[in-house]
Amino acid sequence: MKVPIIPTLIVGLAVAAMIGLGIWQLDRRAEKEAAIARYAGNRALPVMAFPRPPIGDEHLFRRASAMCLEVAGWSEQAGRAENGGKGWRHIAECRTGVEALTIKIDMGISTAPGVIPVWKGGEVTGSVTQAPDATPLLASLFGKRPPRSLMLVSESPAPGLAESARPDPSSVPNNHLAYAVQWFLFALAAVVIYVLALRWRERK
């Protein structure tokens, strides 16, 4: 069977790229497992002051405290309460007195939308998690996603609200093994299809 050079080279490069992506996903899986283990360890650390930016994800799931001097505004998002109920969580945009720095604090869940919590600020203790991200999906696909900001989920809800579900490291997805298997299968499928195409071409 005569094998064409250029098509074979193109398919070979594509298969090599797919295998490389699969190996990269396996490496990412190990990194994610280490990160999840680190997040689980954060829960046992002492309470820290809520970190100021610039910050990364190294403080996720750690208990922290912050002082909200004034609530500059509220935002609302679908969420889940610590008791398992669903509703709308209310996120306060808090002024801290440090220049123009504001922080986000999840102050609890309501069963109906449109509720304005009766809470003017104060000291809050809770768990660190990532704040809701409003970056468009298209922008994130092209690498334009800004660093995710952090948020504090209060252990003591505002009056009239239920406590929001506390951040749990077990909720962090680790799908990299499945992605790796998919890339390896794509590579195998490309080889099989190309071989079948060559045989069909030979018969013709």
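Helices (H or I, at least four residues) and strands (E, at least two) are DSSP runs, numbered from the N terminus. The model is predicted: local features need pLDDT of at least 70, side-chain atom pairs count only at pLDDT 80 or more, and totals for chains, interfaces and linings use all residues. Residues are numbered from 1 along each chain as its sequence is written, and side-chain values use heavy atoms, with hydrogens and water left out.

**Exercise 1.** Determine what separates arginine 29 and glutamate 33 in helix H1, and state how their side chains meet.

*Solution.* Step 1: the two residues are four apart in helix H1, which means a separation of about one helical turn. Step 2: their side chains meet in a salt bridge at 3.6 Å, N to O; the term denotes a side-chain nitrogen of Lys or Arg within 4 Å of a carboxyl oxygen of Asp or Glu. Step 3: arginine 29 is partly exposed at 30% relative accessibility, and glutamate 33 is partly exposed at 40%. Here buried means under 20% relative accessible area, exposed over 50%, and partly exposed in between (1.4 Å probe, protein chains only).

**Exercise 2.** Compare the end-to-end distance of H1 with its expected span.

*Solution.* Step 1: the expected span is 1.5 Å times one less than the number of residues. Step 2: for the 38 residues of H1 this gives 56 Å. Step 3: the end C-alpha atoms are 55 Å apart, which agrees.

**Exercise 3.** Describe the faces and the pairing of strand S2.

*Solution.* Step 1: in a regular strand the side chains alternate between the two faces of the sheet. Step 2: along S2 (residues 63-68), Ala64, Ala66 and Cys68 point to one face and are buried, while Arg63, Ser65 and Met67 point to the other and are not. Step 3: S2 pairs in the parallel sense with strand S1 (residues 48-49) over two bridges, and in the antiparallel sense with strand S6 (residues 122-130) over six bridges; pairing requires that DSSP finds at least two bridges between the strands. Step 4: alanine 64 is the bridge partner of methionine 48 and stands opposite glycine 126 in S6.

**Exercise 4.** Which parts of the chain does the salt bridge between glutamate 155 and arginine 63 tie together?

*Solution.* Step 1: the side chains of glutamate 155 and arginine 63 meet at 2.8 Å, N to O. Step 2: glutamate 155 lies in the loop between strand S7 (150-154) and H3, and arginine 63 in strand S2, so the pair ties together parts that are 92 residues apart in sequence. Step 3: glutamate 155 is buried, with a relative accessible area of 18%, whereas arginine 63 is partly exposed at 31%.
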